[in-house]
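The following exercises practise the reading of helix packing and burial from a structural model. Each task is followed by a solution worked in steps.

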Amino acid sequence: MIRQEILEGIMECLLQDNLKKGLEGLENYLLTYPHPSASEQLQIIMADYKLMKDYWQRGFADPQRTDVYKRLVRQAFQLATNISIHYRVRNTASLSSMRSYARSHRKDWSVSLLRQDLENFVSNVAMLELEPANKQDEQRKRLYQEHYEVMRDTFNYIVTSKLWNDGKAEGFRQILLSPTIDTIDQQLIVSAITLSLLQAYDINKLLLLMIVYNQSRDEAVRQRALVGWVFGLKPCVSEIFTEQNEAVKHLLAIKRNREEIIELQKQLVFCLKTEDDTRVMHDEIIPELMKGNHLRVTRDGIEETEEDPLENILRPEESERRMERMEAAMSRMAEMQRTGADIYFGGFAQMKRFPFFYDTCNWLMPFYEQHPGVEHIWQKSKVAKTLKMLMNTGPFCDSDKYSLALAFGHVVDKLPANFIEMMERGEARMAEVELNDEDKQRPEYLRRIYLQSLYRFFKLLPQRNDFLSPFDEKENCSFILKSPICLSSGVAADLGSMAKFFFRQKMYEEAEAVLSYCTVAGNVELQMLSAKTKIKLKAHEAAKSELEEVLEREPGNEQALALYAKCETKSGHFDKAAETYKRLYEMHGDKNKYLVNWAICKIQEACYEEVVEPLYELHYNHAENQQVMHVLAWALVGAGKLEQAEKMYARLVSYKDHEAIDWLNYGYCLWLKHDIEKAADMFKTYADSQKGEFDPVREFFDNSYELLTSNGINDVEIWLMTDLLESV
């Protein structure tokens, strides 16, 4: 751990262009922890730096001096990165095992030979059709088994590889763009490159993923590449690796790419909310679904239970209510799924313990039926049709499809026959949203299921702590704010929808940051969004400035006026807020909430008498409106009309859903009437509802001291009431 920290400190120096300190740090590190090949590379860099410095000291003009300095910083940074990779792989059990496994099974890792193997596999599979029918199955199993081993080793090799040179990157570019190589292989290689890039920044791997995203004709490969390069971006290295920003600008000059970037950002936010969605599924939706079925889990499998005929006679309406609750739960689950929630994470989290997942590559392997780990399952006639139909009932990611296949293969013989028949008829489904083949080829769908597989990898893999996860920090799921993308005018023009999305997700700081890149001035919609965001962040004065600009152009904008009044209220300017609410009520006489808010502001100014009459009229027209009663009752207390106030509070607290503060205010009303014991009871009831948060001293001396003393309650009486409530 200390060695990693030293190397990170060295790289930080180089990021700040301090080549001398960076080289000294590397030299000291290699003296302490010898590494012959790294020492040789360091000596070359130090010799070049010394030569450049000598020329400068002699006064020679060199127009290339800055470029040479930058090149040496880059070389030193890459050397430090390679040393870090070497140490990390050798001293992390899972990575060390992956590296050893790959290199023991294959000695020659030349990209040209790997490409030849991958192309041979495709041609060999095609040639199977020429084999006799009785030999095809055996040959196919052998081919897929051998090829799986090649891909497993390739995955392990890439994940544990050091930085790539131009030649290796070019070789893999040809593999990933070749039409003669299987898309499954290409997708897995892209994932391996992504994992490697996430562990250590590699400009060649990053640029390769960008090229593949831009040029591949295979949508599944493109979307994996998109996720990879977005996660791999590092704004902090842009001064050393200037081609990073140039490549981003080139990609974002294309409208489709900008749209996909923004859509990806939204999907990442849903990834961030996966655990919250899982809690909703586990605590609220699944229990409702379980109440309404007639299946039970036993040691021998799943059994169907019969309905109780007596229950139907005694409570015939209960069956209907149960069905309504089930339908509501299913609809809620379908809505979560439609909006992008990962509703299956919790259910499949417990299904990743099969030996199949011992191989790291299988967590990110695209699903295919011929995979040696699951191909035996399809041999059961009872499984094949039913399992395929089950997989088509919901947007399962590849990782979950493997889990589903393995689990189904274990329990299919113990499932009720009628349940299997229902599945085959399409009557038993795991979700309300079904997707057709066209939907499943859409970029957003392919990207979504890949993100879900990645999320499972980083959250459920037993060795997950050995990998740096992009899902650990909230900031990583708002990447659009942390990368050069935000500096692109092309994306900035499209960020309005992104700001709205962040606001809807209650990510107000992110919404404000996105809005800072938008042209807000002159755009009423964005200015309103900016004002609402600032209000959520409690920056009320800044919000008022935005709203004042809107009101200059649209003096009658109802929403702007309402928000402006809210800001004035939060700022303590109750007189100005009251004026604005009065104007709103006069403009929209049917909006009684404006009259209530006006009354609240006037009460804050102690203008009780002024609000009693209009509130009584409003109460007459809306007798059951508790909000009106709540404000009117307190106005009556302030106006000294305690008899009317007591009646109003007695009615208020009789409602089951009244506000807790009504007990507190009722207590004040009774106290001012000198009904001490009953007032104390109300205070105690309120205190119980606050679960120990009620402090009588603070409440009576700080919050309501003026009300009490102006009505003849002195300090002694306040202390006596406090003493009476001491047991609270």
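**Exercise 1. Packing of H33 and H34**

Task: In this predicted model, determine the handedness with which H33 passes H34, and characterise the contact of H33 with H34 by class.

Solution.
Step 1. The crossing in which H33 passes H34 is left-handed.
Step 2. Helix H33 covers residues 661–672 and helix H34 residues 676–689; their axes lie 8 Å apart and the packing angle is about 165 degrees. H33 is therefore roughly antiparallel to H34, since angles over 145 degrees count as roughly antiparallel.
Step 3. On the H33 side, the residues that meet H34 are Ile661, Trp663, Leu664, Tyr666, Gly667, Tyr668, Leu670 and Trp671. Their counterparts in H34 are Ile676, Lys678, Ala679, Met682, Phe683, Thr685, Tyr686 and Ser689.
Step 4. Sorted by class, the contact of H33 with H34 has 12 nonpolar, three polar and one charged residues.

**Exercise 2. Packing of H25 and H26**

Task: Establish the relative direction of H25 and H26 and list the residues that make their contact.

Solution.
Step 1. The axes of helix H25 (residues 524–536) and helix H26 (residues 540–553) come within 8 Å and cross at roughly 155 degrees.
Step 2. H25 and H26 are therefore roughly antiparallel to each other, and their crossing is left-handed.
Step 3. H25 contributes Val524, Gln527, Met528, Ser530, Ala531, Lys534 and Ile535 to the contact. H26 contributes His540, Ala542, Ala543, Glu546, Leu547, Glu549, Val550 and Arg553.
Step 4. By class, eight nonpolar, three polar and four charged residues form the contact of H25 with H26.

**Exercise 3. Packing of H6 and H7**

Task: State how many charged residues the contact of H6 with H7 has, after describing the geometry of the pair.

Solution.
Step 1. Helix H6 (residues 111–127) packs against helix H7 (residues 133–159) at an angle of about 155 degrees, with the axes 11 Å apart. This angle makes H6 roughly antiparallel to H7.
Step 2. H6 passes H7 in a left-handed crossing.
Step 3. From H6, the contact uses Leu114, Leu118, Phe121, Asn124 and Val125; from H7, it uses Leu143, Tyr144, His147, Val150, Met151 and Thr154.
Step 4. The classes are eight nonpolar, three polar and no charged residues.

**Exercise 4. Two loop residues**

Task: Decide whether Ile485 is buried or exposed, do likewise for His35, and identify their contacts.

Solution.
Step 1. Ile485 lies in the loop between helix H21 (443–460) and helix H22 (489–492). Its relative accessible area is 0%, so Ile485 is buried; the cut-off for burial is under 20%.
Step 2. Not counting residues up to four places away in sequence, Ile485 touches Leu233, Val248, Leu252, Ile261, Phe479, Ile480 and Val491. Ile485 and Leu252 are 233 residues apart in sequence, yet 7.9 Å apart in space, C-alpha to C-alpha.
Step 3. His35 is placed in the loop between helix H2 (19–32) and helix H3 (36–57). With a relative accessible area of 14%, His35 is also buried.
Step 4. Leaving aside neighbours within four places in sequence, His35 is in contact with Leu30, His86 and Lys162.

**Exercise 5. The chain and its cores**

Task: Summarise the chain's secondary structure and locate its nonpolar cores.

Solution.
Step 1. The chain has 37 helices and two strands, and 49% of its 728 residues count as buried.
Step 2. The largest nonpolar core has 144 residues, with Trp229 and Ile480 making the most contacts inside it. A second, separate core of 67 residues includes Met528, Leu561, Tyr564 and Ala633.

Methods
Residues numbered from 1 in each chain as written. Predicted model: local features only at pLDDT ≥ 70, side-chain atom pairs only at ≥ 80, totals over all residues. Heavy atoms only, no water. Core = buried A, V, L, I, M, F, W, Y, C linked by side-chain atoms within 4.5 Å. Buried < 20%, exposed > 50% of the residue type's maximum accessible area, 1.4 Å probe, protein only. Axes fitted to C-alpha atoms, helices over the stretch in contact; angles between N-to-C directions. Helix = DSSP H or I, 4+ residues; strand = E, 2+ residues; numbered from the N terminus. Parallel < 35°, antiparallel > 145°, perpendicular 65-115°, else oblique. Left-handed = near helix turned anticlockwise from the far one by under 90°. Contact = heavy atoms within 4.5 Å. Nonpolar A, V, L, I, M, F, W, Y, C, P; charged D, E, K, R; others polar.
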